[in-house]
Structures are given as structure tokens and as C-alpha cells.
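Trainee: Please pick one part of this model and take me through it closely. Then show me some other parts worth a look.

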Amino acid sequence: MKNLILFIGLIILYSCNEQSLSTKSNITETIKTDYTQYVDPFIGTSKMGHVFPGATAPFGMVQLSPQTNFEVMFKEDGNYNSKTYEYCAGYQHRDSIIIGFSHTNLSGTGHSDLGDFLVMPTIRNLVLDPLTTKDGEKGFYSKFSHNKEEASPGYYKVNLESYNIKAELTTSERVGFHQYTFPKSDNAHIILDMVYNIYHHDNKNVWTFIRVENDSLVTGYRQTKGWARDKKVFFAMQFSKPFKSYGHKKYDDVKYDGFYRHFKQDENFPEMAGKDIRAYFNFDTEENEKIKIKFALSSVSTAGALKNLETEISHWNFNNTREETKAKWNKELSKIEVTTLNDSDKINFYTAMYHTNLSPILYEDVDGQYRGLDQNIHQSEGFTNYSVFSLWDTYRALHPLFNITQPERNNDMIKSMLAHHDESVHNMLPIWSHYANENWCMIGYHATSVIADAMAKNVGDFNNERALQASVNTANVRYFDGLGDYMDYKYVPDDKSHSSVSKTLEYAYNDWCIAQMAKNIGDISTENVFTKRSEYYNNVYDPKIGFMRPKLADGTFRENFDPMDTHGQGFIEGNAWNYGLYVPQNIDKMISMMGGKEQFSKHLDSLFTIDIEEKYIAKHEDITRDGIIGNYVHGNEPGHHIPYLYNWASNPEKTQERVRMIMKTMYAPTVDGLCGNDDAGQMSAWYIFSSLGFYPVTPGSPYYALGSPLVKKAKLHLDNGNELIIIAKNQSNENVYVKSITINGEKLNGKLLSHQVIMEGGEIIFEMSNSPINEK
């Protein structure tokens, strides 16, 4: 792990800035331990983790991170370039070059976008191509070594070996702060690459625009058409010293430029406009001279970006901002104090905490203005607006975790979802949304789960009636992804829609969530309608073969069906063996339907022990060997609840075995320590819950399934002022079984823990054993 820096005492440095001092004093008043020393941002940066190692603040709008390659989405023959997938976060640990530092990055996703505003410092002859020039010469990239690369929450450092430039990055929420230490040069450059994109294609850039306001301030914006169909990001870029000259190169074929043709626009002309542009700014530098850049973002305007810059970082003290952001991270990480069996477990835990606090991201300016789904500018009233809702992933554990660790933020996130609904021409809650765009990725309408879970746990002050109506509206949009057929047939016919079984199962669960909302506010009519819809999962179960199975519009089950195959069998990113176990709203009924507890437990045993052949997973980017145990796929979300299902089959000892085994084999404090995409924090949220000894198998219910804690002790500092202490007595790597559980001295019977017990605080004691305790 890189950069384990001891943090001593309270952060009270840099009193020269009174506003910053006040902020830091509030943040660090009660924090005495440096939890950032246990976070390794490099975990998951290799292979499938798809996380970035760069600098960001908790839930920050700016993710300032190195980019190590430039892979386009499509090959010259027009076919998909699979290497693009490896760079969802712009960085792969195996690489040895850096092409620059971009200001927007998604964390852990299985598809991607962003990579806005790549900045790269260079010296010597100016080169404006990142990898190779048209003459085959070296591009502006730099070689680097991991031995001279460091990362910690809110800070990143690397030596750019090709130029002998030390690059350091930190951020506030809306502003990236660069610090580059140059050698002596009369030919130093800062490149601003407006061409570079993650998941780039030839038509991704719609328009780019740059204004040189004066000799040290640049503003502009970029509009792209990618995963977000119409994304606009504005910026303000301020240098710590004047540049001596500047210019740009335009890479698009200009058909018409009006009377701008009167000007020599490529050098020292203060407006740059086009589809694909790379700009440069030239400097003279002394040995070890530092050039700093403050780079602010806004979804609204360049004026908004300037206001964000002036409000959040009004000074040039890089270390001051770095320490402030470190303090913000300590505030979030300190919400759960853990004692672990070893340092590796502690690093895994706090890195998971870090990953769960990266998104959704803040998506409004300091004055509360934001760009809405309708592309108009809105003012947030009574909430803070957030974006990046990877809901097919994060409804499962991330948002339930927020109901414990981030209830105020989750309340704002739900209000952001309701604002999305109001701005939607479809009158729908978000499915998978980012940057004022709905991208329609994955299936289901899982904002309903997030809302129902908050209502069940009494989190937030959002309007429950409004939330119910928005959910009902969403669940009745007939043209959405087979939903009309689901309403008509009471299942999604496989000959009318892909992933038909997965859709039926997830729609049924979402409908149960809506029924719980209606029940909560006393709307009996709506409750009855959606309770009936929540039972539609029955219609895709084939008792003859014992699996959920695709059904055709004529009411017959599809003939050509292989329950082991993950492709084209009615399931999305899964198969009937694992995805078919998705009835979280009525687990007892599912078990009965599948032959009873004994038969169901045997099915689960087989799931974890029967190896799946390569041919059954070969067509999926999101399913790889790294995240598979037998036929159980932990590297993808649909199965995350499965280890806990043994509880309902009266085999809690098997839940305890499986959960502990998964935590030990699927998570590690290494660059390849995530067994699959972290998926905007979901994979990490599973680890946090499971380490504490419980998991939200059914979001929308006020209960958690019990497991086997990995920590020796945990102290949860709750927003309501209470503290919950979790103790695992006789904890060891061998003692994975739970002999008994007591809550404030009283024995807990059963397989569930209530949210109310957690929020009331007190003490939960797990007595651990090396022998299974099966209380059938």
C-alpha cells in the first residue's frame, strides 16, 4: 500500500485562511485518528475493478485522476473494441504511461463515459497527439513508475519521467487543484486536451469552446454525445502564473467558419471553437518551479464554474486544500471504527468505506443551481442535488448503507430522484442516470427500492405521497422495456423482450416496494394493485425443471433453454441457477415453490460447488473467473443476496461459512483485490455490511439478514447521536460460526436484525465458534 502517512492530533494548520480554518475545525473537532492511512485507492485499479486512483472529495463533482491509455470504442472495421471496457475509469495499473489527468471519472462501472478536460504538463518541443503523431513519433504521454506514484484520499502524486515533472493533485468538491514541479525550461507547456474521452468515438464530441479571458484565466465548455446523450460540462481554469503564449489545433474538418476566417485563430487568438480541439499554454520555468492550476467545473455555465472556484479555493495553498480534503475524508471514514484480526482486513474495510463515498456525486453549483434532465437550469430548494445513480447495482446495499451512515445525503439523493421525475418527459424516476441524462442502462425501476427502503426505516423528510405517485407513474410507462407486456401478460414474454425472466423478477420486486410505500401511507387501493403485481414471479417458474424459465406470449415455456448459460436465456448478466433465486419480497414462498427448505439448501450447495464451463460466460464482459465460486458469481450484483438465503432454509451456519469465505477470497488489499466492477460502490457496500455481521437482503423492509462478522469490534457513530457497538467474541479466522447473539444483554432469536435496533444504539455481541450451531 502506498503512502501510509501517520496523522497526528487535530488538523489546525494554515490559520492564514480563516474560512478554511473554520471549515476544518468543524470537520475535525472530534476526529483524532487518521483513517485515511488505511485506505488504498489502488485497490481494484487492475483488471475488472474499474476504480480510479486519483484525487476527489467525498461525493465530489471533481474526480481528478490519471489516464493511462486512449482506447476508442470502435475499431476501423466498425466492430466494438473490447479493450475500451478495460478503461472504464481511464486507468489500468499494468500500464507504464500517463497521457494526462482528467477531471471527471466514474468509479467501478461496467460501461462508461466522462474523462472531461485532460490536462498534461510537458517540456521541450510541443507535441499535441497523446500516443503517437501522424509521423509515428512519440506523443505527449509520459512514462511513469509505480515506485514513484502515491495515492491517498484526496491526494495523488506521480513523477512524469519523460519530462522530469512531479505532478500532484488534490481537490475540493467542485475544483481540481494541480501542482506541477518543473525543471528549468524555456519551452514548458500545459496541454488542455478537449478531444480525449473515456469510451471515445469519432462523433462523441458535439462541440468544444474555449475563451482566454486573460493571461492566466481560461474558461469554456464541452458538449458530448456518449452514454449520456447530451452532456454539457463547463469549466474555469486559473493558472498561478501568466502564460507567455498559447494556441490550439483543431482536428475536425471545418466546412464553414463564417467570417472567423479573417483571423489567424490557431495562435494567440482568445477564442477557440470546434468539435475536436487541443489547446496549449506556454511558459518559462526555473528549476523546481511550481505551476499550479485550479480547475473548477459546473453543469450550468462558466460563470457558475468561476463562482465555484472563488468560493471553494480562493487561495494558492495546495497543501491547505489537501489537508482540508483529508479531514473531510476522515469525517466520513470515522463513522465506523473497526478493530480487525489483521491489517489487511482493516485496509479492505476502510478502502470499501472510501469507495462507497465516491458516488452519487454532488451535481449543483455553490449557489444551488444545476442542469436538470430537461436541460434547463433549476434551483435546488430544500435539498442538495446529486447525480450518477447506478440503481440496478446500488439499490441492493449502497443506498441501504447510506440509511445508516449517510441518512441526510440519502434523503437529498431521493429528492434528486424526485426532481428527475418532475423534469422527465416520461414522468419516470431515474433508471441509470448521470450528468442530467437518463442513459437507460440495465433493467427494473429500482429508485422505487431506494425510496421504499428509506420510508421503511423512517429516513428523510421527502414527501411520501409525492414519492409514491412518482413510483406509480414510473411503473405504468407501458413503452418502457417490456413493461406494457408485463402488465398485460403478468410476465414479460421472451419472444417480445430480451432478458424476460430477469425483468419479470425485478419488476415484481419493484412492485412490492411500491406496495410497501402505499401501505406505509395508508393507500389501500394502490397497495392491493401492486401487491398483486409483486406476485408475477410465479408465472415464470417451471416446476417441471425447478428453475425460473423464459415464457412465450402463448403461455408456453421456451423449448430451447439451458439454465447454466448466461447468454440469451432470459437473464441479464446471469443464469437461471443464480438469477432465478431473486424473489427477495417473498423468500419463504420461493423456497416452498422450489421444493422446500432441504431441497433449496441442496440447490444452494450445488450453486457454490458446481463449476460453470467457460462457454457459458464467454459472451459477458461483466462475468469473469475472478469473481466466480463454482457457479456463484460474486463479481456481479444479481447474486449478492444469495449467501444469506441459507438462513431461510434453516441453515444459518452455511450462510456464515459462505459469507466469511467470500470476504476472504473475493476481496484483498491488492491492485486486483476486487473480483469484479465495484459498480459505483455496491461491491464495497456488500463487504461493509457483511464485515459487520448483517446484510439488507430485502431493501424496502426494515430488517437485515444475519451473517458472520469479520471484525473483532465495530463502533458506529450514528447521525442521531447514538452509538452502536458490535463485538465478535472469540473472533478468529477459524471461528466463523455464530453461537449466539445478544442485544443489550438480551438473546436475539431468529435470522433478522431490525433497523430500529441499529439506530437506537447499544451493544450487539456475536459469540463466535469453530463449530456450526444449527438451531432448526
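Mentor: Start with Arg 396. Arg 396 counts as buried, because its relative accessibility is 5%. Buried means under 20% relative accessible area, exposed means over 50%, and partly exposed lies in between, with a 1.4 Å probe and protein chains only. This is a predicted model: local features need pLDDT of at least 70, side-chain atom pairs count only at pLDDT 80 or more, and totals for chains, interfaces and linings use all residues. Residues are numbered from 1 along each chain as its sequence is written, and side-chain values use heavy atoms, with hydrogens and water left out.

Where does Arg 396 lie? Look in the loop between helix 6 (391-394) and helix 7 (398-405). Helices (H or I, at least four residues) and strands (E, at least two) are DSSP runs, numbered from the N terminus. The side chain of Arg 396 has a polar contact with the side chain of Tyr 395, at 3.4 Å. A polar contact is a pair of N or O atoms within 3.5 Å; within protein, one must be able to donate a hydrogen and the other to accept it, and residues adjacent in sequence count only if both atoms are side-chain atoms. Now leave out residues up to four places away in sequence. Arg 396 then touches Glu 506, Tyr 582, Glu 637, Pro 638, Gln 682, Tyr 695, Pro 696 and Pro 699. Contact here means heavy atoms within 4.5 Å.

Follow that list to a sheet. Strands 30, 31 and 36 form an open sheet of 3 strands in the order 30-31-36, with antiparallel pairing. Its edges are strand 30 (694-695) and strand 36 (752-754), each pairing on one side only. Two strands pair if DSSP finds at least two bridges between them. Strand 30 and strand 31 (residues 703-706) have 2 bridges and run antiparallel. Phe 694 has Leu 706 of strand 31 as its bridge partner. Strands of a sheet pair through backbone hydrogen bonds, either parallel or antiparallel.

Next, strand 32 (residues 713-717). Its side chains alternate. Ala 714 and Leu 716 point to one face and are buried. Lys 713, Lys 715 and His 717 point to the other face and are not buried. Strand 19 (residues 336-339) runs antiparallel to strand 32, and 4 bridges join them. In this pairing, Val 338 stands opposite Ala 714. Strand 32 also pairs with strand 33 (residues 723-729), in the antiparallel sense, over 5 bridges. These two strands form a hairpin with 5 residues between them. In the turn, Gly 721 has a positive phi of about 95 degrees.

Stay with strand 33. Ile 727 belongs to this strand and stands opposite Lys 713. Ile 727 counts as partly exposed because its relative accessibility is 21%. Setting aside neighbours within four places in sequence, Ile 727 contacts Lys 712, Lys 713, Glu 763, Ile 764, Ile 765 and Phe 766.

Now the cavities. The whole structure holds 7 cavities of 30 Å³ or more. On a 1 Å grid over the protein atoms alone, a cavity is a set of points where a 1.4 Å probe fits but cannot get out; lining residues have an atom within 4 Å of a point. The largest has about 150 Å³ of space. Volume is the space filled by probe spheres set on the points, and grid points are joined across faces, edges and corners. The lining of the largest cavity has 20 residues; Asn 385, Tyr 386, Ser 387, His 420 and Ala 436 lie nearest its centre. Helix 8 gives the most to this lining, with 5 residues. By class, there are 10 nonpolar, 8 polar and 2 charged residues. Ala, Val, Leu, Ile, Met, Phe, Trp, Tyr, Cys and Pro count as nonpolar, Asp, Glu, Lys and Arg as charged, and the others, Gly among them, as polar.

Finally, some backbone details. Most residues other than glycine have a negative phi, and most peptide bonds are trans. Ala 436 has a positive phi, near 60 degrees. Ala 436 sits in the loop between strand 24 and strand 25 (437-438), and counts as buried at 10% relative accessibility. His 50 also has a positive phi, of about 60 degrees, and counts as buried at 3%. A cis peptide bond joins Ser 359 and Pro 360, with omega about 0 degrees.

Conventions: 1 Å grid on protein atoms, 1.4 Å probe; cavity = no way out; pocket = protein on both sides within 12 Å on 5 of 7 lines; lining within 4 Å.
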